[in-house]
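Hi,

Here is the structure I promised to pass on to you. Have a look at it first, and my notes follow below.

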Amino acid sequence: MTDAARNFIETYERERAALPGAGLAWLGARRAEALKAFAEAGLPHRRLEDWRYTDLSRALGGATLSPAPLPDGAVVLPDAAKRASVAAFHDIDRHVIVFVNGRLRSDLSGTKLPAGVTLMSLGNALNSTWARPLVETKVEAQAGNVIALNTALMRDGIGLHIARGAKLDTPLHLLFLANDDGASHVRNLVRLEEGAEATIFETHLDAGARNYFVDHVTDVSLGKGAALTHVKIQDEAADAIHLASLTAELAASSKLSSFSLTLGAKLSRSQSFVTFRGEGAEAHVNGATALSGTQHGDHFCIVDHAVPNCSSRTLFKTVLDNASTGVFQGKVIVRPDAQKTDGRQMTNALLLSRDAAMNAKPELEIYADDVQCAHGSTIGELNREAIFYLRSRGIDEPTARQLLISAFLDDAFETVPHEAARDDLRKLAASWFERHREKTA
Amino acid sequence: MAAVRETVETVDQVASDKYKYGFSTDIESERAPIGLSEDTIRFISAKKEEPDWMLEWRLEAYRRWLTMEEPTWAKVSYPPIDFQNAYYYSAPKQSAKLNSLDEVDPKLLETYKKLGIPLVEQQLLAGVAVDAVFDSVSVVTTFKTKLAEAGVIFCPFSEAVREHPELVKKYLGSVVPTSDNYYATLNSAVFSDGSFVYIPPGVRCPMELSTYFRINEKQTGQFERTLIIADKGSYVSYLEGCTAPQRDENQLHAAVVELVAMDDAEIKYSTVQNWFPGDENGKGGIYNFVTKRGDCRGARSKISWTQVETGSAVTWKYPSCILRGDDSRGEFYSIAISNNYQQVDSGTKMIHLGRNTSSRIISKGIAAGRSSNTYRGLVSVHKKAENVRNFTQCDSLLIGPRCSAHTVPYIESKNPTAILEHEATTSKISEEQLFYCRQRGVPEEEAVALIVNGFCRDVLQQLPMEFAVEAQKLVGISLEGSVG
């Protein structure tokens with residue numbers, strides 16, 4: 001077992017009594033069980049099929065990641081280089097919740113929520129009856145048991161409950177700032193009852209910290225006809241490790257739209273586990289990634305069609321410069337009797353440099369015959385003819401390249417159903433070029 | 001839906017139809033004692049009158065095999081194999097060296113006839129040289145003279161070890177090393193026989209080379225070893241076809257095929273595999289664990305795999321190309337049909353090492369009954385491989401609600417100039433297509449046949465003429481009642 005894994009287990013033993021919901025018997029048992037599963041599996045490594053291209057065990061290595069402290073002072077937002085990430089969603093009317101080092105800072109957060117919308121801390125959420133099934137999610141054992149680590153150690157987060165037919169008036173913006181080095185284990189629980197609607201934005205940024213580990217899990221449960229839009233921006237520090245998992249259970253006719261933009265961190269892995277529980281539901285799981293230097297970005301996505309008549313769309317776009325590495329591992333599962341499934345999965349990658357590398361593994365696992373399933377994957381460089389075309393019209397090469405890359409990423413941004421958020425994502429992509437150009441100049 | 005239900009029913013009927021090639025011939029055979037040990041290997045080697053270096057090679061592989069573990073990553077399941085409860089050598093008894101077909105055991109000839117390999121007629125009509133393998137020993141090799149004139153060596157593997165040791169030594173294990181994988185290592189230790197082909201520089205092999213493999217002896221695993229070398233600027237097309245008699249016990253088949261293509265050489269390797277797939281309850285059937293790999297060692301070389309897989313209870317097979325030479329090309333065309341309880345996990349690997357290398361993968365999987373049909377493939381582009389092209393298309397067709405089809409592609413690129421495209425679809429026979437055909441008076445069975453044939457067309461077209469007919473027949477037998 002690596003030092004990092006041992007460190008997590010020790011943290012659990014030491015802090016067990018202080019973790020939220022410590023008094024709840026079911027949760028205590030749940031945490032103990034999860035820790036046991038994690039201890040048996042250890043941190044995931046490349047010998048696991050689901051982690052074939054990303055070695056978290058090695059990345060965390062001998063790091064002794066103690067829990068990041070709870071800071072109560074002022075937090076300084078990152079400098080100009082990340083201006084766009086700081087500004088993202090800023091102009092949208094929204095409720096802002098601020099986390100520092102993975103701990104909720106209610107003094108920095110302010111919300112006046114409409115009737116039917118309840119927002120609470122993780123501790124309070126765990127005491128609510130609606131939250132329990134979310135924590136008992138069945139996908140935990142998948143993908144090398146890393147969600148188990150979060151279940152055992154989850155320390156803070158939010159619980160969002162929206163009553164039947166209620167709507168969250170403006171988006172909820174969760175801003176996660178890393179101020180100090182260390183590990184944070186955040187768990188967000190989101191339950192939308194029948195017909196409820198919500199939009200959640202998430203920004204992950206460094207604000208002073210350098211070497212840190214973010215272990216983030218969001219569990220979503222959508223009631224009949226509920227609709228959730230989730231847009232996430234990850235722009236962590238250059239030495240950070242970011243591990244995020246989204247689990248979602250979709251009841252009949254519900255709709256999930258999830259988008260994740262990956263720009264930061266030394267190593268990031270973003271996992272989505274979507275399970276259809278009722279007919280007529282729809283899931284969009286999309287993302288875009290732009291990496292440079294020696295960054296490593298992994299998107300892992302499993303869409304489980306457990307019932308008939310559901311549709312899923314997955315699109316991941318990856319741009320890789322310098323010696324960065326991109327990974328996409330996706331799977332569409334169609335269970336026996338999940339007839340009339342419509343499942344599509346697409347992944348495209350652009351390699352901008354000689355040292356960049358992309359690995360893709362888009363899988364189909366199908367046990368029903370009356371289905372329409374397809375996946376596609378392409379890896380290549382910028383089209384030389386397209387560059388030539390633009391240059392022949394007086395556009396210099398860097399601009400031509402930027403135009404083409406923007407257009408490439410734009411396909412993914414198009415899937416975001418929130419217009420203002422879409423514009424912010426575009427701005428972020430443009431700022432990535434600037435940042436990048438300064439770095440390479 | 002009625003149409004589909006009928007289709008499913010007709011497919012189910014296949015089960016009741018007896019396996020067409022399910023007969024066995026009673027021929028006295030000489031075989032090694034049951035079980036596997038160094039003594040078994042020494043016995044095989046002695047039987048083959050092999051030189052010491054060959055025996056050493058086998059023993060080394062055996063010792064390595066003992067340290068290896070059976071792979072479990074494929075999407076197949078079967079009861080554990082008892083490697084000590086099988087015979088590793090079995091040869092049809094024959095009294096003396098044979099000069100003509102007349103001297104061949106008439107029972108053997110009868111078997112061939114039933115299999116549809118009219119040796120005599122083939123000599124006259126088909127123009128195909130057949131190195132027929134009955135169980136493990138190659139008995140009859142025809143057209144040797146004609147091939148000899150062209151300088152082509154086409155002989156049983158055991159003969160090559162004796163007559164052309166320098167070639168065997170140089171190439172054996174150079175594509176699939178003894179340490180490669182569990183079954184390839186087992187094969188290296190106990191391989192019984194197979195074919196050896198060498199095409200000299202600049203020679204275009206005057207005829208299609210063909211070997212029929214046949215497993216006949218009860219409880220005999222067959223361990224074929226095939227080695228084909230196409231020297232500079234040469235061309236060869238090699239056909240491999242398989243049928244096996246009906247058996248209750250599962251039989252293990254772990255073959256190794258190695259291809260080497262030098263500068264400007266081309267090898268076309270076609271397979272029709274129709275071993276006993278087990279009965280309608282999934283009882284019996286062949287375990288087909290094959291390692292096939294081609295090495296495009298020279299510049300501008302080309303290796304093309306075409307396979308029609310309809311038989312075997314469990315198939316584990318990934319014919320691959322190592323595209324080492326600059327401008328070399330690899331192709332993989334596959335039809336895999338599974339019915340009843342058959343399990344297929346097949347695909348290819350295209351390893352791009354050289355510059356300007358290209359590859360094309362077309363895979364058609366058809367699953368019926370309760371079968372499981374998996375495509376598993378790797379396209380890998382290494383750092384120095386400039387201007388690589390790959391196109392991959394994997395389509396699956398599902399017939400009936402209880403079968404399953406899976407696609408597991410691995411796509412890895414370390415060079416920005418590479419352009420890799422992969423697409424896969426899964427669907428059932430379209431109601432509209434069926435309706436269209438029926439509306440025009442085409443009976444339902446024929447319509448299904450038409451659609452399935454259309455679905456497979458890209459691959460069937462790649463087969464040599466001699467094989468295309470047989471392949472179509474096999475597609476028909478596998479989905480009998482609904483096709484053709």
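Among contacts in chain B between residues at least 6 apart in sequence, 84% link residues at least 24 apart. Chain A gives 85% by that count. Please keep in mind that this is a predicted model.

**The two chains**

Chain B contains 12 helices and 24 strands, and 57% of its 484 residues count as buried. In chain A there are 10 helices and 19 strands. The radius of gyration of chain A comes to 21 Å, close to the 22 Å that the globule rule gives for 441 residues, so this chain is as compact as a globular protein of that length. Its C-alpha trace spans about 70 × 55 × 45 Å along the principal axes, and 56% of the 441 residues of chain A count as buried.

**Where the chains touch**

How many residues does each chain bring to the contact? Chain B provides 29 residues and chain A provides 30. On the side of chain B that touches chain A, the elements giving two or more residues are strand E22 (389-399), strand E23 (404-413) and strand E24 (419-428) of chain B. By class, that side of chain B has 14 nonpolar, 10 polar and 5 charged residues.

Strand E23 of chain B is the element I would look at here. Across the chains, strand E18 (residues 357-366) of chain A pairs with E23(B) in the antiparallel sense, over 6 bridges. You can pick out this pairing at A:Asn359, which stands opposite B:Glu412, and at A:Ala360, whose bridge partner is B:Ile411. Within chain B, strand E21 (residues 372-381) runs parallel to E23(B) and is joined to it by 10 bridges. In that pairing, B:Leu378 has B:Tyr410 as its bridge partner in E23(B).

Is E23(B) enclosed or open? Of its 10 residues, 10 are buried, so E23(B) is largely enclosed by the rest of the structure. B:Ser404, B:His406, B:Val408, B:Tyr410 and B:Glu412 point one way from the strand, while B:Ala405, B:Thr407, B:Pro409, B:Ile411 and B:Ser413 point the other way, and all are buried. Two of these are the bridge partners of chain A residues named above: B:Glu412, opposite A:Asn359, and B:Ile411, the partner of A:Ala360.

**The nonpolar core**

The largest nonpolar core has 250 residues, and B:Val197 and B:Ile267 have the most contacts inside it. Helix H11 (residues 444-460) of chain B supplies the largest share of this core, 9 residues. Which residues does B:Ile267 touch, leaving aside its neighbours within four places in sequence? They are B:Ile228, B:Ala230, B:Val236, B:Tyr238, B:Leu259, B:Ala261, B:Gly294 and B:Ile303.

**Two backbone angles to look at**

A:Phe89 is not a glycine, yet its phi is positive, at about 70°. The residue lies in the loop between helix H4 (83-87) and strand E1 (95-100) of chain A. A:Phe89 has 23 C-beta neighbours inside 10 Å, so it counts as buried.

A:Lys340 also has a positive phi, near 60°, in a residue other than glycine. Its place is in the loop between strand E16 (325-334) and strand E17 (342-351) of chain A. With 15 C-beta neighbours inside 10 Å, A:Lys340 counts as partly exposed.

**How far to trust it**

The model scores ipTM 0.85 and pTM 0.85. Chain A has a mean pLDDT of 90, with 97% of its residues at 70 or more. Confidence in chain A is lowest in H4(A), with a mean of 81, and highest in strand E11 (residues 255-262), at 97.

For chain B the mean pLDDT is 79, and 75% of its residues reach 70 or more. Among its elements, helix H5 (residues 119-126) has the lowest mean pLDDT, 39, and strand E19 (residues 349-352) the highest, 96. Over residues 1-18 of chain B the pLDDT is below 50, and this stretch has 29 contacts in the model beyond near neighbours in sequence. Residues 94-98 of chain B also stay under 50, with 3 contacts beyond four places in sequence. Where pLDDT is low, the predicted coordinates should not be read in detail.

Happy to go through any of this with you.

Best wishes

Key:
Residues numbered from 1 in each chain as written. Chains lettered and ligands numbered in written order. Predicted model: local features only at pLDDT ≥ 70, side-chain atom pairs only at ≥ 80, totals over all residues. Contact = placed C-beta atoms within 7 Å. Helix = DSSP H or I, 4+ residues; strand = E, 2+ residues; numbered from the N terminus. Nonpolar A, V, L, I, M, F, W, Y, C, P; charged D, E, K, R; others polar. Pairing = 2+ DSSP bridges. Rg over C-alpha atoms; globule rule 2.2 N^0.38 Å. Buried ≥ 20, exposed ≤ 12 C-beta atoms within 10 Å, placed from the backbone. Core = buried A, V, L, I, M, F, W, Y, C linked by C-beta atoms within 7 Å. pLDDT = per-residue confidence, 0-100.
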